[in-house]
Amino acid sequence: MTPGAIAVVEAWACSPTFRDITVDDAAAWLREIFPHYPHPGDQPVEICVNGYRWFTTKAEALADAVHRASLRPHDVADTLAGPDWDLEVSGGGLWALPSRCNGAVRSQR
């Protein structure tokens, strides 16, 4: 993502109602603002064996998680609230949404 795109996603994620929107609404917003997302360069810096997808910014991790969640089967009422949407930062300063990356964790719930 470009620095401008990262700033837009970070501002969006800081809005007070961000966690209340549905996965479908978030994906629609992402497609509207960035119609060609993901670009070939919008890939994780690192993918771990546990499925974590690590990015250099939290905006990139969030955009990736929203995009991927919208492609998977989900309830229409699913929102960005809850621990599945909590960001994690690694010791190296990389960002991921671990619960959204690990399919095994979701299937055990």
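This short talk covers helix H3 and the charged side chains of the structure above.

Before I begin, please keep in mind that this is a predicted model, in which local features need pLDDT of at least 70 and side-chain atom pairs count only at pLDDT 80 or more, while totals for chains, interfaces and linings use all residues. Residues are numbered from 1 along each chain as its sequence is written, and side-chain values use heavy atoms, with hydrogens and water left out.

Let me start with helix H3, which covers residues 58-71; helices (H or I, at least four residues) and strands (E, at least two) are DSSP runs, numbered from the N terminus. The end C-alpha atoms of H3 are 20 Å apart, which agrees with the 20 Å that its 14 residues should span, given that the expected span is 1.5 Å times one less than the number of residues. Of those 14 residues, 10 are buried, where buried means under 20% relative accessible area, exposed over 50%, and partly exposed in between, with a 1.4 Å probe and protein chains only. Among the buried residues are Leu62, Asp64 and Val66.

Asp64 brings me to the salt bridges, each defined as a side-chain nitrogen of Lys or Arg within 4 Å of a carboxyl oxygen of Asp or Glu. Side chains of opposite charge can pair when their charged atoms come close. A search of the whole structure finds three salt bridges.

In one of them, Arg53 pairs with Asp64, and the closest N and O atoms are 2.9 Å apart. This pair links distant parts of the chain, since Arg53 sits in strand E2 (residues 53-54) and Asp64 in helix H3, 11 residues apart. Arg53 counts as buried because its relative accessible area is 11%, and Asp64 counts as buried at 6%.

Asp64 also meets Arg68 in a salt bridge, at 4.0 Å from N to O, and these two residues both lie in H3, four residues apart, about one turn of the helix. Arg68, at 29% relative accessibility, is partly exposed. Arg53, Asp64 and Arg68 are thus linked in a network of salt bridges.

What, then, does Asp86 form a salt bridge with? The partner is Arg19, with the closest N and O atoms 2.9 Å apart. Here too distant parts of the chain are linked, with Asp86 in the loop between H3 and E3 and Arg19 in the loop between helix H1 (3-13) and helix H2 (23-33), 67 residues apart. Asp86 is partly exposed at 38% relative accessibility, and Arg19 is partly exposed at 30%.
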